[in-house]
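Here's a walk through one chain, going from a hairpin to sheets, helices and the core. Keep the structure open as you read.

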Amino acid sequence: MMEYCIFSLSGLGEVVLIFVFSIEKIHSSNIRKGVVMELGRRDFLKGVSLAALAVNGGIQAAENSMKAEEINALQQELDAIPGDEFRKFRGMGPSFAAEERDALYTKWPVLRRFDDAFLKVMREIEEVEVTDRPAVWYVYNMGVIVKTRQSLFSIDLSHRLSTMLVDKFDFVIITHNHYDHYTEKLYQAMDSRHKTVIQNFRDNYGACLHVKDGLGGFSRGECRYTIKDVVIRTYETNHNHLLKGFVMPVEVQVGDYTILHVGDTFNTGDLRPERTPDLFIHHAWCWGSSNQTMDGINAFHPKCVVIAHHCELGHNKQTGGGGVPLARAYAKKAEAEAAGTHAIAPFWGDRIA
Ligand SMILES: [Fe+2]
């Protein structure tokens, strides 16, 4: 009996040991190869890969190393939330009840990813020390944040948490008056602090106190501003055949470094950059125009092309609104790379320069 018990325990021990060894073996090989054998693919993406993306701000997406099924899984998560629900969430600002926020995170996990991206950028802004070249982060849609030696500013920042940076921003740029390119609460917070908002649709009296050139932030025709170590040039382009002169493309110069952010400019031929862009940030598919990436490369010879305005969640998928899927941004990136140009299709929270 005793022998039998000992034998049984010993046998059980062997089973356990084998089991633990097997699990360990699966995990280590999976981590090395980036594949999953025993877990379901979707479970893995939900449990590991997508969580890692949230933490890393989509670095895999920026490097375009995601497999087709990973892109599809992410796209499904992005598409799950109705556009009007997302716009409501984005408009809430940073201060609403944590329980309510968490319930929304549970209902639509993409919202946690959206917030995490902003918090990641905020952390990195504090950590990164800028030397000769500015640091640039892609936050969401066409929203970027730029840190220079002397300044911090945003272009087209559309995010519910954006006012968390109002005290740190020296100024803010908005290319046009559309919800996916600016945040009303941020505009109001900047204006009430007499901080410059360079845009083309509203008086901004506070700007007059801070812009050296004696211009307010309200920009029409061609304008040029100097704020600290940043020179900003703006003019007008069409958003489409109906909204003429509606968009304010911006050419930003920091020392020898130039960022060309074109907002929702429909026709690349309307753009008039003065310098070769280091970063050419443009819409992946503005108003159905698929030519902007290659048109911009051929016309301006940018050192790096940034494919933006994809995965915008406020465009209502359920009613046929025109959000640009991630896969299409990757296709534009591949097209640019085939032409020999460095291209990035960043995801939320990525540092792009
Ligand atoms: Fe837009």
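## Starting at a hairpin

In the hairpin formed by S6 and S7, with two residues between the strands, Lys 228 has a positive phi near 55 degrees. Before going on, note that this is a predicted model, where local features need pLDDT of at least 70, side-chain atom pairs count only at pLDDT 80 or more, and totals for chains, interfaces and linings use all residues. Residue numbers start from 1 along each chain as its sequence is written.

Strands here are DSSP E runs of at least two residues, helices are H or I runs of at least four, and both are numbered from the N terminus. S6 (residues 223-227) and S7 (residues 230-234) pair in the antiparallel sense over five bridges; pairing takes at least two DSSP bridges between two strands. Ile 227 sits opposite Val 230 in S7. S6 has two different sides: Cys 223, Tyr 225 and Ile 227 make up the covered face, while Arg 224 and Thr 226 are on the uncovered one. In a regular strand, side chains alternate between the two faces of the sheet.

## Strand pairs side by side

| Strands | Sense | Bridges | Facing residues |
|---|---|---|---|
| S1 and S2 | antiparallel | five bridges | Val 136 and Val 146 |
| S9 and S10 | parallel | three bridges | Ile 259 and Leu 279 |
| S10 and S11 | parallel | five bridges | Phe 280 and Val 305 |

Is S10 enclosed or open? Five of the five residues of S10 (residues 279-283) are buried, so this strand is largely enclosed by the rest of the structure. Buried means 20 or more other C-beta atoms within 10 Å of the residue's own, exposed means 12 or fewer, and partly exposed is in between, with C-beta atoms placed from the backbone. Leu 279, Ile 281 and His 283 point one way from S10, Phe 280 and His 282 point the other way, and all are buried.

## The open sheet and its helix

Five strands form an open sheet in the order S1-S2-S3-S4-S5, with mixed pairing. Its edge strands, each pairing on one side only, are S1 (135-140) and S5 (196-198). From one strand to the next, the twist averages 20 degrees. H7 (residues 110-127) lies across S1, S2 and S3, running at about 165 degrees to S1; axes are lines fitted to C-alpha atoms (for helices, over the stretch in contact), and angles run from 0 to 180 degrees between N-to-C directions.

## The core

The largest nonpolar core has 78 residues, and those with the most contacts inside it are Val 139, Val 144, Val 172, Ile 281 and Ile 307. Such a core is a set of buried Ala, Val, Leu, Ile, Met, Phe, Trp, Tyr and Cys residues joined through C-beta atoms within 7 Å. H7 gives the most to this core, with six residues. Val 139 touches residues including Ala 117, Phe 118, Val 121, Val 144 and Trp 348, where contact means backbone-placed C-beta atoms within 7 Å.

## Two helices together

The axes of H9 (residues 292-300) and H10 (residues 326-338) come within 9 Å and cross at roughly 30 degrees. The two helices are therefore roughly parallel to each other, a label for angles under 35 degrees (over 145 is roughly antiparallel, 65 to 115 roughly perpendicular, the rest oblique). Where they meet, Thr 293, Met 294 and Ile 297 in H9 contact Lys 332, Glu 335 and Ala 336 in H10.

How values were computed
Two residues are in contact if their C-beta atoms, placed from the backbone, lie within 7 Å. Lists of a residue's contacts leave out its neighbours within four places in sequence.
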